[in-house]
Structure formats: structure tokens, C-alpha cells
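Work through the exercises below with the sequence and the structure at hand. Try each task before reading its solution.

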Amino acid sequence: MEQSNRTMQIIIMSLVVLALLPSLVFAAVQHVTVLPAPTIITGQITHTNNNAGIPDVSVNLTNATTMNVVGSTTTNGTGYYNFTNFNAGDYYVKASKIRYWDNTTAVNVTADETVNLSLWLVGDLNNNGISAGIGDLVLMNRAVLWEIPGDWRWDLNRNGRIAGIGDLVLMNRAVLGEIILT
Ligand SMILES: [Ca+2]
Ligand SMILES: [Ca+2]
């Protein structure tokens with residue numbers, strides 16, 4: 001009788017395992033497929049005027065879904081940076097350094113990616129690598145007089161108005177060496 005009970009127990013256990021098997025296998029497969037591969041982003045941050053690498057640029061990696069900053073680094077002496085060991089997905093790469101306009105780009109990371117960005121010096125309207133030179137002042141004056149169209153780089157006081165009087169005042173003061181445009 002005891003032997004028969006034991007046999008029955010084994011049979012029931014076997015049936016339970018068999019019944020659970022498909023969901024166990026499914027769970028295992030699901031687990032494998034949702035594990036994204038770790039990826040790498042590398043790139044160089046350069047000057048818009050001569051494509052030379054810029055050192056000491058802050059580069060942030062933001063998850064585009066959660067908007068959490070998941071990585072933060074600084075460019076080396078030749079403007080290169082990298083992010084390692086994060087999951088594939090949608091991200092923003094943002095480069096910023098004082099005296100330069102920020103630059104951000106969206107990137108869909110599926111494998112290792114190269115993301116290069118260029119930075120524009122604030123107040124360098126003619127893009128010759130010198131902020132608040134005479135050529136920049138001439139351009140600002142002409143845009144204020146509506147002789148040429150300006151763009152967002154002409155909004156030095158960041159009030160949303162391109163080539164306004166406030167922007168001209170800032171450019172004048174920078175040309176005179178009273179302030180440094182940032
Ligand atoms: Ca200039
Ligand atoms: Ca303005």
C-alpha cells in the first residue's frame with residue numbers, strides 16, 4: 001500500500017512538472033529576448049569653424065523615454081568621448097561648454113554608434129573662431145537693421161528675439177572687452 005502511494009506521488013509530481021513545463025520554457029525564452037545587448041557610443045566634439053576637437057566638453061547621455069541622464073563624461077584633449085555599458089534604445093547626446101552654444105542630437109542606439117557634434121562659439125557670428133570681432137559686430141548691426149536675416153545665434157541675451165537691441169548692446173560691450181559672451 002505504501003509503495004503504491006509513493007508511486008502515485010511520483011506520477012502526480014511528474015504531471016505537475018509536465019503541466020508547468022511550457023510556461024517555464026516560455027519564461028526562460030522571454031527572459032533571454034528582453035535582455036538588450038550592451039552598446040558603446042563614441043564620438044568627437046569639434047569647433048564649427050575648423051573641425052578641430054574641443055577638450056573638456058561636458059557630454060551627457062539621456063534616456064529619451066525616461067529622460068534620466070544615464071551617462072556623463074568629458075572630452076579628452078582631442079575632443080573624443082565615449083559611453084560604455086548601457087542598453088540599446090533611444091537617447092539624446094548633449095554637448096555643452098561655457099562660451100559655446102549647446103548642441104544636442106537624438107540617437108537610436110541598436111549597435112555601437114558614432115555620434116559627432118560640433119559646437120558654435122557664442123558671439124562668433126561670422127564663424128571665424130573669434131568671438132565679438134569687428135566682423136561679428138558688423139553682422140549684428142546689419143541684422144538689427146533688417147538688412148540680413150539673423151538666426152538663433154544672433155539671440156545673445158536668449159530672450160527669443162533674434163538681433164534685438166539687447167543683443168546689439170551685448171555684442172558692443174563684448175567688442176569693447178567689457179564682457180565675455182557666454
Ligand atoms: Ca568672429
Ligand atoms: Ca535677443
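**Exercise 1. Decide whether D167 is buried or exposed, and find its surroundings.**

Step 1. Count the C-beta atoms around the residue: D167 has 23 others within 10 Å. A residue is buried if 20 or more other C-beta atoms lie within 10 Å of its own, exposed if 12 or fewer, and partly exposed in between, with C-beta atoms placed from the backbone. D167 is therefore buried.

Step 2. Before going on, note the ground rules. This is a predicted model, in which local features need pLDDT of at least 70 and side-chain atom pairs count only at pLDDT 80 or more, while totals for chains, interfaces and linings use all residues. Residues are numbered from 1 along each chain as its sequence is written, and chains are lettered from A and ligands numbered from 1 in the order in which they are written.

Step 3. List the contacts (C-beta atoms, placed from the backbone, within 7 Å). Leaving aside neighbours within four places in sequence, D167 touches M140, W154, D155, L156 and N157. D155 is 12 residues away along the chain, and its C-alpha atom is 6.1 Å from that of D167.

**Exercise 2. Which residues of helix α3 are buried, and how are they arranged?**

Step 1. Place the helix: α3 covers residues 165-175, and D167 belongs to it. Helices (H or I, at least four residues) and strands (E, at least two) are DSSP runs, numbered from the N terminus.

Step 2. Name the buried residues of α3: D167, L170, M171 and A174. Seen down the helix axis, they fall within an arc of 100° (taken from the directions from the axis to the C-beta atoms), so they line one face. An α-helix has 3.6 residues a turn, so residues three or four places apart point the same way.

Step 3. Find the partner: the buried residues of α3 pack against α2, residues 134-144. Just after α3, G177 has a positive phi of about 80°.

**Exercise 3. Compare N85 and A163: is each one buried or exposed?**

Step 1. Most residues other than glycine have a negative phi. N85 has a positive phi of about 65°, and A163 has one of about 55°; neither is a glycine.

Step 2. N85 sits in strand β4, residues 80-87, and is exposed because 8 other C-beta atoms lie within 10 Å. A163 is in the loop between α2 and α3 and is buried, with 25 C-beta neighbours inside 10 Å.

**Exercise 4. In what order do the strands of the open sheet lie?**

Step 1. The 4 strands follow the order β3-β2-β5-β6, with antiparallel pairing. Two strands pair if DSSP finds at least two bridges between them.

Step 2. β3 (69-74) and β6 (103-109) are the edge strands, each pairing on one side only.

Step 3. Take one pair: β2 (residues 58-63) and β3 are joined by 5 bridges, and V59 stands opposite T73 in β3.

**Exercise 5. Which residues have the most contacts inside the largest nonpolar core?**

Step 1. A nonpolar core is a set of buried Ala, Val, Leu, Ile, Met, Phe, Trp, Tyr and Cys residues joined through C-beta atoms within 7 Å. The largest has 18 residues, and I45, V93 and L119 have the most contacts inside it.

Step 2. β5 gives the most to this core, with 3 residues.

Step 3. Apart from this core lies another of 11 residues, including L125 and M140.

Terms used. Two residues are in contact if their C-beta atoms, placed from the backbone, lie within 7 Å.
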